[in-house]
Amino acid sequence: MELLFGKTLTELTEMVLELKMPKFTAKQIANWLYHKQISSIDEMSNISQKNREILKEHFELGILPYLKVQESIDGTKKYLFKAKTNQFIETAMIPDTERKTVCVSSQVGCKMGCLFCMTGRQGFQANLSAGEIVNQYRSIDEWEKVTNLVYMGMGEPFDNIDEVLKSLDILTSDWGYGLSPKRITVSSIGIIPGLKLFLENSKCHLAISLHTPFDTERKNLMPVEQVYPIQEVINEIKAFDFGLQRRVSFEYIMFKGVNDKPEHVKQLARLLNGVKCRMNLIRFHPIPDSPLLGSSDKTIEEFKEGLNKKGIITTIRSSRGQDIFAACGLLSTKELVKQQEKDY
Amino acid sequence: MNKLSKVKINSHKLISEGVYLIKFPRYFNFIPGQIIGLTNNTEIAPRLYSICSSDSDSNIGILYQVKDDGVLTPSLEKNKVGDELWITQVQGKFVFDNKPAWWIATGTGIAPFYSMFKSGLKPLKLVQGARQIKQFYFKNELVEIGDYVPCCSQEKEEGVYEGRLTTYIKEFEKLPTNINYYLCGSAEMVVDVRNLLIEKGVNFNNIITEIYF
């Protein structure tokens with residue numbers, strides 16, 4: 001049965017008209033779905049009994065509780081949700097002094113096959129619907145205290161751009177959760193058609209997984225470079241007017257002896273010349289049997305200083321939730337994936 | 001996506017169950033291994049496909065598999081010779097530098113290697129994985145490579161390795177580490193084979209991958 005939660009106001013309007021209900025019912029339903037805490041369609045008390053029965057005939061509410069939660073010694077939590085039959089996703093909640101950031105997944109698994117990422121190891125199972133994405137925010141224990149939301153969990157958001165844009169609409173619209181777009185960051189490896197749609201149809205911040213400025217090295221780390229080279233991604237970013245409020249940042253996982261040398265600092269400065277941006281350096285959290293190692297703290301610090309001297313505002317991201325595999329690049333539900341029939 | 005150009009289908013053949021080779025005239029150059037965006041409706045964003053024809057062929061060939069839940073392929077399947085398609089410019093860097101290499105593919109991931117082979121390029125070895133014999137597209141031509149190893153996980157046939165391609169690779173005590181390995185197929189296959197090659201001592205810098213998405 002179709003789910004109500006996750007429908008945009010436009011979709012709800014089309015739906016109520018199709019069901020021969022008054023147009024204003026769409027706003028009433030949105031209000032119940034996104035402004036109030038209900039657990040059944042029956043609780044939509046300002047909608048007539050007859051219309052509630054019609055809704056129940058066609059839809060389920062679709063707000064789904066998490067299945068499991070683990071807590072790290074640093075307070076980070078990792079939530080497990082069931083997405084579709086035999087498919088599971090993970091969501092991280094990272095508390096900080098004044099912030100609570102939710103890291104949501106946009107796909108079950110991932111197609112991108114980045115060498116350093118645990119999610120890629122499980123292959124791709126499914127795209128998440130907008131409802132399944134928003135539900136990861138709405139159904140965690142801390143949801144009312146969440147200050148920031150990042151699309152940095154499992155999956156590549158721009159490979160599921162339609163549902164990601166719908167989820168952003170629900171999160172940022174007045175009829176939805178009314179979150180400020182400035183509190184939401186969508187992170188991508190740079191799928192250009194999705195990037196363009198995101199830039200044109202959302203006001204949320206953008207983060208790009210860069211990891212090396214050199215084409216040949218990036219191809220070895222990230223197969224997407226074969227199709228959408230980072231230089232072309234940067235060109236798209238340069239051509240777009242981000243205005244004063246919207247921010248673009250780059251993520252850079254530090255791999256020992258691979259992308260942490262002085263020539264990388266120089267090339268990054270060349271590549272990002274003219275882009276108003278920030279750089280986040282990330283410690284590599286090794287995954288099993290990986291040929292990559294993390295750079296030392298000293299190297300990361302020197303790299304940061306080097307980039308700052310070149311005028312690129314650079315910070316080092318704290319590692320959080322590593323003990324429960326909730327840290328960057330470690331989310332995976334591989335063990336829960338129903339073994340699919342391989343084609344090889 | 002870059003600017004779209006209109007072309008007319010001049011050949012559309014079912015080559016195996018649910019798999020088609022569609023062709024349209026070529027009016028541009030490309031490097032074997034490159035991809036092109038294709039759609040039959042300007043309302044549907046072009047999907048990327050590896051070119052599956054020689055760089056000297058007067059047509060561009062695209063090998064595609066119909067996905068029941070796909071956005072494009074269920075309608076593309078219904079297109080006939082003479083129907084219009086919209087294509088993007090060619091792009092992509094999954095190109096072969098003619099240095100010693102193995103090519104490893106599954107499913108329609110054979111397309112870039114077929115293009116390379118038909119353009120006069122050859123690997124040391126081509127390993128192709130499939131569940132069924134009928135899924136070894138272009139097998140009759142690819143045998144000309146010489147060291148061509150079709151690996152079939154569900155059916156048996158003379159000259160076909162019985163088992164998954166990962167099993168075939170695992171059986172090597174030592175793999176050559178001074179050559180390149182080109183992989184093309186689903187994310188799961190590429191990630192599995194890449195991990196296996198790394199486990200067997202191949203440097204990740206020698207593994208060149210192309211994933212469908």
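Let me begin at a single pair of residues in chain B: Gly37(B) stands opposite Leu48(B), which belongs to β5(B). I should say at once that this is a predicted model. The pair sits in a strand pairing in which β4 of chain B, residues 35-39, is joined to β5(B) by four bridges, with the two strands running antiparallel.

That pairing belongs to an open sheet of four strands in chain B, ordered β1-β7-β4-β5, with antiparallel pairing. Its edges are β1, residues 5-8, and β5, residues 47-50, each of which pairs on one side only. From one strand to the next, the twist averages 40°.

Chain B also contains an open sheet of three strands. Here the order is β2-β3-β6, and the pairing is again antiparallel. The edge strands are β2, at 11-16, and β6, at 59-65, each of chain B and each with a partner on one side only. Neighbouring strands in this sheet are turned by 20° against each other on average, direction ignored. Within the sheet, β3 of chain B, residues 19-25, is joined to the antiparallel β6(B) by seven bridges. For a reference point on the display, please find Leu21(B), which stands opposite Leu63(B) in β6(B).

I turn now to the domains. The domain assignment divides chain B into domain 1, covering 5-87, and domain 2, covering 101-211. Their C-alpha centres lie 24 Å apart. Where the two domains of chain B touch, 16 residues of domain 1 are in contact with 13 residues of domain 2. Which elements of domain 1 give two or more residues to that side? They are β2 and β6 of chain B, and β6(B) supplies the largest share, three residues. Classified by residue type, this side of domain 1 has seven nonpolar, seven polar and two charged residues.

Next, I would draw attention to helix α5 of chain B, residues 187-199. The helix has 13 residues and reaches 18 Å from its first C-alpha to its last, close to the 18 Å expected at 1.5 Å a residue. Its buried residues are Ala187(B), Glu188(B), Met189(B), Val190(B), Val191(B), Asp192(B), Val193(B), Arg194(B) and Leu197(B). The list includes Glu188(B), Asp192(B) and Arg194(B), which may interest those who look at side-chain chemistry.

What do these buried residues of α5(B) pack against? In chain B, the partners are β8 (101-106), α4 (165-170), β12 (180-185) and β13 (207-211); from chain A, there is β8 (124-127). Just after the helix, Gly201(B) takes a positive phi of about 100°.

The partner in chain A leads to my final topic, the contact between the chains. Chain B contributes 33 residues to this contact and chain A contributes 21. On the side of chain B that touches chain A, the elements giving two or more residues are β9 (125-130), α4, α5 and β13 of chain B. Which of them gives the most? It is α5(B), with eight residues. By class, the residues on this side of chain B divide into 16 nonpolar, 11 polar and six charged.

To close, I would ask you to keep α5(B) in view: its buried residues pack against elements of chain B and against β8 of chain A, and the helix gives the most to the side of chain B that touches chain A.

Key. Residues are numbered from 1 along each chain as its sequence is written. Chains are lettered from A and ligands numbered from 1 in the order in which they are written. This is a predicted model: local features need pLDDT of at least 70, side-chain atom pairs count only at pLDDT 80 or more; totals for chains, interfaces and linings use all residues. Two strands pair if DSSP finds at least two bridges between them. Axes are lines fitted to C-alpha atoms, for helices over the stretch in contact, and angles run from 0 to 180 degrees between N-to-C directions. Domain bounds come from an automatic or database domain assignment. Two residues are in contact if their C-beta atoms, placed from the backbone, lie within 7 Å. Ala, Val, Leu, Ile, Met, Phe, Trp, Tyr, Cys and Pro count as nonpolar, Asp, Glu, Lys and Arg as charged, and the others, Gly among them, as polar. The expected span of a helix is 1.5 Å times one less than its number of residues. A residue is buried if 20 or more other C-beta atoms lie within 10 Å of its own, exposed if 12 or fewer, and partly exposed in between; C-beta atoms are placed from the backbone.
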